[in-house]
Amino acid sequence: PAVREAVTWSSPFFGVEGQGWFLGIHVFTRYVKVAFFNGASLKPPPPGASKQARVRYYDIYEGAFDEKQFTVWVKQATKFPGEKM
């Protein structure tokens, strides 16, 4: 309930007031890329690596979405300090 949303650089970002942004979404032609800004701390971490050590990605393709795992990651991500932008 304390999650807030904003659109920056044409992409939605989600965060917790006073903690920063924990998740960003970018839509491509064939998939949706979800960036967990403190994703390396999630258990298990999302599979997509980043040039930034803490950031992990989860790419969602049509017909291949693990809703249960995604929900676990989002709930965990709200507990960690977010990214200040």
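**Exercise 1.** Determine whether F13 is buried or exposed, and place F13 in its secondary structure and surroundings.

*Solution.* F13 has a relative accessible area of 7% and is therefore buried, a class that covers values under 20%, with exposed meaning over 50% and partly exposed in between (1.4 Å probe, protein chains only). The model is predicted, so that local features need pLDDT of at least 70 and side-chain atom pairs pLDDT 80 or more, whereas totals for chains, interfaces and linings use all residues. Residues are numbered from 1 along each chain as its sequence is written, and side-chain values use heavy atoms, with hydrogens and water left out.

Next, F13 belongs to strand β2, residues 11-16, where a strand is a DSSP run of E with at least two residues, numbered from the N terminus. Beyond residues up to four places away in sequence, F13 touches R4, E5, A6, T8, W21, L23, G24, F37 and M85, contact meaning heavy atoms within 4.5 Å.

**Exercise 2.** Find which side chain of opposite charge is nearest to R56, and which backbone oxygen lies 2.8 Å from a polar atom of the R56 side chain.

*Solution.* R56, in strand β5 (residues 56-61), is buried yet lacks a salt bridge, and D59, the nearest side chain of opposite charge, is 11 Å away; a salt bridge would need a side-chain nitrogen of Lys or Arg within 4 Å of a carboxyl oxygen of Asp or Glu. The backbone oxygen in question is that of P46. P46 is also among the residues that R56 touches, which include P45, P47 and G48.

**Exercise 3.** Identify what the peptide bond from K43 to P44 is, and where P44 lies.

*Solution.* This bond is cis, with omega near -15 degrees, and P44 sits in the loop between β4 (31-36) and β5.

How values were computed:
Helices (H or I, at least four residues) and strands (E, at least two) are DSSP runs, numbered from the N terminus. Lys and Arg count as positive and Asp and Glu as negative; His and the chain ends are not counted. A polar contact is a pair of N or O atoms within 3.5 Å; within protein, one must be able to donate a hydrogen and the other to accept it, and residues adjacent in sequence count only if both atoms are side-chain atoms.
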